[in-house]
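Visitor: Please take one part of this model and go through it closely. I would like the packing described residue by residue, with the values.

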Amino acid sequence: MSQSIPGRGKKRLALFLIALAQFVVIMDTSIVGVALPRMQEELGFSPENLSWVFNAYVITFGGLLLLGGRLGDVFGARRMFTTGWVVLLVGSAVAGLAGNVALELIGRGVQGAGAALIAPAALTLLMKTFGSSPKELGGALALYGAAAPAGGTAGVFLGGVITEYMSWPWVFFINIPLALVVIALVATALPADGPRIRGSIDTAGALLVTAGLALGVFAIVRAPESGWDSLETWGTLAGAVALLGLFVLVQARRKQPLMRLSIFRIPNLAAANLAQLLLAAAWIPMWFFLNLYLQQVLGYSAFPSGAALLPMTAFTMITMILLAPRLAARFGPKVMTVSGLVVLAGALMWLSFVRVDGNFWVDVLPASLLAALGMSLAFIPTLGTAISSAPPQEGGLASGLVNTSYQVGSALGLAAMTAFAAANGATESGNLPALTTGFSSAFIGAASIALAGALLAAITLRAPTRAPVVEKEAIATRQ
């Protein structure tokens with residue numbers, strides 16, 4: 001993976017395309033948030049099913065990440081990178097043109113499939129382009145890492161601008177010109193693929209894990225309507241467990257599985273992935289319900305709602321880049337992970353006191369900035385630990401696993417908190433006290449997840465003798 005593109009200009013262009021990929025796949029997660037109430041009105045989503053606009057993307061994204069990485073190994077990273085952008089373009093067009101709920105969710109699922117091809121290929125191409133120089137690799141990883149919170153920030157803000165001054169379909173159409181530019185520049189900037197390697201593709205494993213996750217999320221979302229004690233709920237959950245169990249069985253028996261199960265024996269790798277999963281399960285519901293609180297209770301329109309979330313996402317980006325890596329290098333990933341999750345839990349409990357007659361400056365801004373701090377402190381060390389724990393030859397698998405953990409946590413956490421909020425009154429549209437109670441319940445539930453994550457991290461994470469390599473390199477590039 002030491003092949004590089006000659007010429008400083010081409011390397012800069014390559015890094016731009018790779019960082020743009022990370023930016024866009026994260027932006028597509030957050031850009032829909034502000035548009036959700038408009039989409040609910042025009043397409044006929046029920047309050048319980050509205051979260052599927054988010055879940056359809058993250059489930060296919062998370063469920064297919066391992067397959068995307070394997071396809072890149074077999075067919076070539078640049079080829080899969082390009083294919084992913086084509087798939088993302090098609091999905092964006094379908095989602096933007098959708099006139100009903102079913103077509104909208106299909107479009108979002110196709111977008112997620114494209115992102116699952118793009119993300120692992122982008123990291124492989126980054127290593128291929130800059131891996132021969134530790135100094136260059138450190139700088140490239142720093143920019144690549146910064147692209148994620150930048151995408152989240154841009155998604156929230158652009159979602160508000162587009163929904164307010166254009167129309168909600170443009171939150172999807174914005175991907176089309178970006179995809180066309182990337183596709184046009186790929187052959188010029190990115191390293192060519194080598195010969196195709198021999199090997200099978202575990203399509204069955206990819207289908208099983210994606211179907212299992214989707215069925216589990218569906219069961220949780222439907223539970224408030226069908227009843228937690230109903231045969232439908234428990235039958236669906238049993239089906240999800242069976243599919244995921246079959247996935248594990250297939251992985252154990254295949255010679256070339258999507259995921260080598262023994263990798264979890266590596267110290268700290270499983271613990272870091274679990275921390276990422278629970279971090280996402282607490283963080284994403286907070287962002288989702290905070291946006292709904294701003295619009296449905298405080299009465300913000302789309303643009304002010306997006307602008308109101310901008311300080312939180314901008315502060316997340318700043319602390320991730322400038323503060324969290326240095327603190328992790330000084331105090332170690334275990335201390336930072338536990339501390340970050342505890343801070344996030346405290347912020348979520350603060351948000352649970354939202355009021356019907358509240359305001360942004362008192363009820364939203366202080367707690368959201370505290371949540372951003374907690375997220376940043378926990379995210380960087382768990383990500384660095386998850387990647388650096390694996391041997392170098394399995395860095396791609398480790399990256400795919402930690403991305404999958406985050407996306408799975410996002411989907412399951414949002415599904416569970418949506419069900420929790422619905423059970424506590426969030427389905428009563430127009431009833432502000434009921435909506436506020438429901439949203440408050442979701443914040444309390446998310447705080448409980450963050451506290452559970454902190455406790456498990458304290459128990460399972462081992463204190464390494466040195467900081468993860470990724471963190472040291474990122475710090476060195478900024479000194």
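Guide: What follows goes through one helix and its surroundings, and then some further helix packing and ring pairs. The model is a predicted one.

The part chosen is helix H2, which spans residues 36-43. Its buried residues are Leu36, Pro37, Met39, Gln40 and Leu43. These residues lie on the same side of H2, because the arc they cover around the axis is only 165°. An α-helix has 3.6 residues a turn, so residues three or four places apart point the same way. Glu41 and Glu42 are exposed on the other side of H2. The buried residues of H2 pack against four helices: H3 (52-75), H5 (101-130), H7 (170-173) and H11. Just after H2 comes Gly44, with a positive phi of about 85°.

One of the H2 residues, Pro37, is also a contact of Gln295. Gln295 belongs to helix H11, which runs over residues 269-297. With a relative accessible area of 13%, Gln295 falls under the 20% limit and is therefore buried. Apart from neighbours within four places in sequence, Gln295 is in contact with Gly33, Val34, Pro37, Tyr300, Ala302 and Ser305.

Helix H11 also takes part in ring packing. By the ring-centre rule, the model has 9 aromatic pairs. In one of them, Phe289 and Phe439 have ring centres 5.8 Å apart and planes at 45°; the pair counts as tilted because that angle is neither under 30 degrees nor over 60. This pair links distant parts of the chain, since Phe289 sits in H11 and Phe439 in helix H16 (residues 432-460), 150 residues apart. Phe289 is buried at 3% relative accessibility, and Phe439 is buried at 1%. Ring pairs join Phe288, Phe289 and Phe439 into a cluster.

A further aromatic pair is formed by Phe360 and Trp361, with 5.1 Å from centre to centre and 75° between the planes, which makes it edge-to-face. Phe360 is buried, with a relative accessible area of 10%, whereas Trp361 is exposed at 62%.

Helix H16 also holds Gly445. Gly445 counts as buried because its relative accessibility is 8%, under the 20% limit. The C-alpha atoms of Gly445 and Ala282 are 8.1 Å apart in space, while the two residues are 163 apart in sequence. Leaving out neighbours within four places in sequence, Gly445 is in contact with Met417 and Phe420.

Another helix pair is H1 (residues 8-30) with H4 (residues 77-97). Their axes come within 13 Å and cross at roughly 35°. The crossing of H1 past H4 is left-handed. On the H1 side, the residues that meet H4 are Leu17, Leu20, Ala21, Val24 and Asp28. On the H4 side, they are Phe81, Trp85 and Leu88. The residues of this contact divide into 7 nonpolar, no polar and 1 charged.

Terms used. Residues numbered from 1 in each chain as written. Predicted model: local features only at pLDDT ≥ 70, side-chain atom pairs only at ≥ 80, totals over all residues. Heavy atoms only, no water. Helix = DSSP H or I, 4+ residues; strand = E, 2+ residues; numbered from the N terminus. Buried < 20%, exposed > 50% of the residue type's maximum accessible area, 1.4 Å probe, protein only. Contact = heavy atoms within 4.5 Å. Arc of directions from axis to C-beta. Axes fitted to C-alpha atoms, helices over the stretch in contact; angles between N-to-C directions. Left-handed = near helix turned anticlockwise from the far one by under 90°. Nonpolar A, V, L, I, M, F, W, Y, C, P; charged D, E, K, R; others polar. Phe/Tyr/Trp six-rings, centres within 6.5 Å; stacked < 30°, edge-to-face > 60°.
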